[in-house]
Amino acid sequence: MLKGFKEFIMQGNVIDLAVAVVIGAAFAGVVNALVENVLMPMISGLVGFPDFDNFAVVMLNGNAIQFGVLLTQVVNFLLIAAAIYFVVVMPMNKMIEARNRRLGITDEEEVEADVQLLTEIRDIMKAQNTGGAAPNAGGQAPQV
């Protein structure tokens, strides 16, 4: 039982996942600090109050229905999503584009390679369903 557990833990994908979780948790602190200490104070300065918790409170039979709390969370979500996009996703896309330009890879080549691969897979599956040989570029029967 311990040997199986050791093999499970030593698998590359488990270790990669553990590293991703730790880095994600650390990065969450950075994003939260950006939202709570930079973006929300800027919004507070523009709007005049730091959150919307007391905005649109409706009383129903003595119970407070707080639409503002939901609005605060929606704004927080949008700010976090924007921070992730502008701090992580957009720079990574720019780095990938620069790398592809440096290597001479164009988007059309990538799409054509994908389309070619999907076409070959379709032809193989069609041949398996009909019992015939699938056409391919090499003139040899496909290895399945």
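Which residues make up the largest nonpolar core? I began with this question, keeping in mind that the model I was reading is a predicted one.

**Entry 1, the core.** I found that the largest nonpolar core has seven residues, namely Val31, Val35, Met40, Phe52, Val75, Leu79 and Ala83. When I looked up where these residues sit, I noted that helix H2 (12-47) and helix H3 (67-103) each supply at least two residues of this core. I wrote beside it that, in soluble globular proteins, nonpolar side chains tend to be buried together. I then followed valine 31 and, leaving aside its neighbours within four places in sequence, I found this residue in contact with Ile80, Ala83 and Ile84.

**Entry 2, the elements.** I next looked up the secondary structure of the protein chain, which comes to four helices and two strands, and I read the order from the N terminus on as α-α-β-β-α-α.

**Entry 3, the strands.** I saw that strand S1 (residues 57-60) and strand S2 (residues 63-66) pair in the antiparallel sense, and that four bridges join them. For valine 58, I noted that the bridge partner in S2 is isoleucine 65. S1 and S2 form a hairpin with two residues between them, and in that turn I marked asparagine 61, which has a positive phi of about 55°.

**Entry 4, the salt bridge.** How many salt bridges does the structure hold? I found one, formed by arginine 122 with aspartate 123, and the closest N and O atoms of this pair are 3.0 Å apart. Is aspartate 123 buried or exposed? Aspartate 123 has a relative accessible area of 16%, so I entered this residue as buried, the cut-off for that word being under 20%. Arginine 122 has a relative accessibility of 45%, and therefore I entered this partner as partly exposed.

**Entry 5, the whole chain.** I looked up burial for the protein chain and noted that, of its 144 residues, 11% are buried. The chain exposes about 11500 Å², and I recorded that carbon and sulfur atoms supply 66% of this area. Turning to contacts between residues at least 6 apart in sequence, I found that 30% of them join residues at least 24 apart.

**Entry 6, confidence.** Before closing the notebook, I checked the pLDDT, which averages 79 over the protein chain, with 85% of the residues scoring at least 70. Among the elements, helix H1 (residues 2-10) has the lowest mean pLDDT, at 78, whereas S2 has the highest, at 88.

How values were computed: Residues are numbered from 1 along each chain as its sequence is written. This is a predicted model: local features need pLDDT of at least 70, side-chain atom pairs count only at pLDDT 80 or more; totals for chains, interfaces and linings use all residues. Side-chain values use heavy atoms; hydrogens and water are left out. Two strands pair if DSSP finds at least two bridges between them. Buried means under 20% relative accessible area, exposed over 50%, partly exposed in between (1.4 Å probe, protein chains only). Contact means heavy atoms within 4.5 Å. Accessible areas come from the Shrake-Rupley method with a 1.4 Å probe; for residues, only the protein chains shown count as cover. pLDDT is the predictor's confidence in each residue, from 0 to 100. A nonpolar core is a set of buried Ala, Val, Leu, Ile, Met, Phe, Trp, Tyr and Cys residues joined through side-chain atoms within 4.5 Å. A salt bridge is a side-chain nitrogen of Lys or Arg within 4 Å of a carboxyl oxygen of Asp or Glu.
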